[in-house]
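Biologist: I have not seen this structure before, and I would like to go through the reasons behind the terms used for it. Could we look at it together?

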Amino acid sequence: MKRLSPLFVVPMLAGLVAVSACDPGASGGKTTAATTKPDPMEAKIDALPKGLQETTFFRAIRDGGYTCQKIVRFEKHAPINGEAVWIAECDDRGQYVITLKPDGVFWVSGVPQAKKP
């Protein structure tokens, strides 16, 4: 996984507030599981038009050092460890997991396709 500078995230998405956890509540003597507040950056990404979302994920993948030339599909995945996650596939069939960290940067891990000789 590679850590990306927040400077590479679409500029309009700047100004993120870190995710904070809610205190677990008690109801009728029963303790409920702690829930987390939605990440404001995640909401901003979700509010972007599909083309800008694709551009954001493309930049994250490219800035992570991968050779993607074009994203052919992407979709939001269920949160992992409370962090927003998207799955993207590039035209070279490389597949990537893009995780939004609480400090507003993307972590990209993937199964890139080998470069052609």
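**Reasons behind the labels**

Modeller: Let us start with E89, which has 16% relative accessibility and therefore counts as buried, since the limit for that word is under 20%. Please keep in mind throughout that this is a predicted model.

Biologist: What makes the contact of R73 with E89 a salt bridge?

Modeller: The closest N and O atoms of R73 and E89 are 3.2 Å apart, and the rule asks for a side-chain nitrogen of Lys or Arg within 4 Å of a carboxyl oxygen of Asp or Glu, so the pair qualifies as a salt bridge. R73 belongs to strand β4 and E89 to strand β5, so this bridge ties together parts that lie 16 residues apart in sequence.

Biologist: Why is R73 called partly exposed?

Modeller: The relative accessibility of R73 is 35%, and partly exposed covers what falls between the 20% limit for buried and the 50% limit for exposed, so R73 takes the middle label.

Biologist: How many salt bridges are there by this rule, and which residues are linked in a network of them?

Modeller: The count comes to six, and a network of salt bridges links E42, D46 and K76. Within that network, K76 meets E42 with N and O 2.5 Å apart; because K76 lies in strand β4 and E42 in helix α1, the pair ties together parts that are 34 residues apart in sequence. K76 also forms a salt bridge with D46, where the closest N and O atoms are 2.6 Å apart, and this second pair again joins helix α1, which holds D46, to strand β4, which holds K76, over 30 residues of sequence.

Biologist: How do you know whether E42, D46 and K76 are buried or exposed?

Modeller: E42 has 17% relative accessibility, so it counts as buried, being under the 20% limit. D46 at 36% and K76 at 38% fall between 20% and 50%, so D46 counts as partly exposed and K76 likewise counts as partly exposed.

Biologist: What does the side chain of Q53 reach, and why would that be called a polar contact?

Modeller: The side chain of Q53, a residue of helix α2, reaches the backbone oxygen of D46 at 3.3 Å, and the limit for such a pair of N or O atoms is 3.5 Å, so the distance meets the rule for a polar contact. Q53 counts as buried because its relative accessibility is 11%, and, leaving aside neighbours within four places in sequence, Q53 is in contact with I45, D46, L48 and F74.

Biologist: Why is the pair of F57 and W86 described as tilted?

Modeller: The ring centres of F57 and W86 are 5.0 Å apart and their planes meet at 40 degrees; an angle under 30 degrees would count as stacked and one over 60 as edge-to-face, so the pair is tilted. F57 lies in helix α2 and W86 in strand β5, 29 residues apart, and both residues are buried.

Biologist: What makes the pair of F57 and F106 edge-to-face, then?

Modeller: Here the planes stand at 75 degrees, with the ring centres of F57 and F106 6.2 Å apart, and an angle over 60 degrees carries that label, so the pair is edge-to-face. This pair links helix α2, where F57 lies, with strand β7, where F106 lies, 49 residues apart. The structure holds five aromatic pairs, and F57, F74, W86 and F106 form one aromatic cluster.

Biologist: How do you know that the charged end of K50 sits over the ring of F74?

Modeller: The charged end of K50 is 5.2 Å from the ring centre of F74, which satisfies the distance part of the rule, set at within 6 Å. K101 lies over the face of W107 as well, at 5.6 Å from the ring centre.

Biologist: Which residues touch the most other members of the largest nonpolar core?

Modeller: That core has 18 residues, and F57, I61, I71, I98 and F106 touch the most other members. The elements giving two or more residues include α1, α2 and β4, while β5 gives the most, with four. Leaving aside neighbours within four places in sequence, I61 has contacts that include Y66, C68, I71 and V108.

Key:
Residues numbered from 1 in each chain as written. Predicted model: local features only at pLDDT ≥ 70, side-chain atom pairs only at ≥ 80, totals over all residues. Heavy atoms only, no water. Core = buried A, V, L, I, M, F, W, Y, C linked by side-chain atoms within 4.5 Å. Buried < 20%, exposed > 50% of the residue type's maximum accessible area, 1.4 Å probe, protein only. Contact = heavy atoms within 4.5 Å. Polar contact = N/O pair within 3.5 Å; in protein donor to acceptor, adjacent residues only side chain to side chain. Phe/Tyr/Trp six-rings, centres within 6.5 Å; stacked < 30°, edge-to-face > 60°. Lys NZ or Arg CZ within 6 Å of the ring centre and 35° of its normal.
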